[in-house]
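Please look over the sequence and the model shown below before reading on. The report then covers a few local features.

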Amino acid sequence: MFRFDRKQEVFEFGKFKVGGQPGEYPTCCIGTMFYARHKIVSDPEHGVFDKETAEKLWNTQVEMSDITGNSCMNQIVAESNEAMQKEIDWFVGISDYPFLVDSSAPEVRAFGVKYATEIGVAERAIHNSINASITPEELQAVKDSDLDSAIVLAFNAMESGTKGKMNILTKAGGGAKKGMLDFAKECGITRPLIDTAAMPLGNGSGATYRAVIAVKAQLGLPVGGGFHNAASAWDWMKKWKKQHKEAFTPVDIGSNLVAGIVGADFYLYGPIENAPMIFPAAAMVDIMKAECIEELGLKILTDDHPRKKTL
């Protein structure tokens, strides 16, 4: 669709790469497991979950990745240290793919990066996230760990719009003493993935997408986000889908595709159950972008690309 003048960083995650000019590499789709009220979790505090169903869900995402060529990761969400340990142990026991260390509690995220280091899987663990409200203890945990990748969140509570998102990444603002990328660098993060911090419709959703272009144009870093959150937080849709349930899915999946068209490198697409819907949609957008890049002096840089696998 377009080419950025700035050199675009490309980071390796095991068997695949994330970043680059739009169309060069497939978009990475990241599903979430063990999230709040996830049906497979029977005891979130103690990390008790249905391992058989969890493995089926994960394998379905991998299968969709193999079919379309879109790479994938797992977003592991835990409610406690015990749950984090059990979930990481389970995942690294069945897969060699990258995974995000996530929780609503900073102390659990801190434990997660420490534990990933202790068991020797730090090279495929990604901290989620370095943001303006991160605690000193969590920052220190990331710094002390062997992780070199993290989601860096462009959420600025004090300055709205695309400018506010860029400022929180690059300079002191939003209550932070320095830019989020400076914090990430100090923690040894050499593979930062920028999350443009999805906002609800009517409250900054446009800037969420415009920031995708700004990040790639000004910073040249891989960028994406949980774009589906904009759809989930849409008050009108919450009411509408009570009578028209079928209306929500295209909005939910479509929220990611808008980001893909403007250059997003990864989607934090939400519940892993949605893998059969998001991967074909992501592949469609990637094919569209790939069909344009030869005119821009670019080319597809991997054999595992939707244009080569699904046409």
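The text below takes up a loop residue, a pair of strands and a surface patch in turn. The model is predicted.

**A loop residue**

Asn156 sits in the loop that connects strand S9 (149–153) with helix H5 (161–170). Is Asn156 buried or exposed? Asn156 counts as buried because its relative accessibility is 8%, and the cut-off for buried is under 20% relative accessible area. The side chain of Asn156 has polar contacts with two backbone nitrogens, as listed here.

| Side chain | Partner atom | Distance |
|---|---|---|
| Asn156 | backbone nitrogen of Met158 | 3.0 Å |
| Asn156 | backbone nitrogen of Glu159 | 3.1 Å |

Apart from neighbours within four places in sequence, Asn156 also touches Gly164, Lys165, Ile168 and Gly174.

**A pair of strands**

Strand S7 (residues 99–102) and strand S8 run parallel and are joined by 3 bridges. Within this pairing, Phe99 is opposite Ala125 of S8. Strand S8 spans residues 125–130, and 6 of its 6 residues are buried, so the strand is mostly covered.

**A surface patch**

Which residues make the nonpolar surface patch of about 310 Å²? Met1, Ile261, Met284 and Met288 form it. One of these residues, Met284, belongs to helix H11, which covers residues 275–293. Met284 has a relative accessible area of 42%. Met284 is therefore partly exposed, since that class lies between the limits of 20% for buried and 50% for exposed.

Conventions:
Residues numbered from 1 in each chain as written. Predicted model: local features only at pLDDT ≥ 70, side-chain atom pairs only at ≥ 80, totals over all residues. Heavy atoms only, no water. Patch = residues over 30% accessible without salt bridge, like charges linked within 9 Å, V, L, I, M, F, W, Y side chains within 5 Å. Areas by Shrake-Rupley, 256 points an atom, 1.4 Å probe, with all protein chains shown as cover. Salt bridge = Lys/Arg side-chain N within 4 Å of Asp/Glu carboxyl O. Helix = DSSP H or I, 4+ residues; strand = E, 2+ residues; numbered from the N terminus. Buried < 20%, exposed > 50% of the residue type's maximum accessible area, 1.4 Å probe, protein only. Polar contact = N/O pair within 3.5 Å; in protein donor to acceptor, adjacent residues only side chain to side chain. Contact = heavy atoms within 4.5 Å. Pairing = 2+ DSSP bridges.
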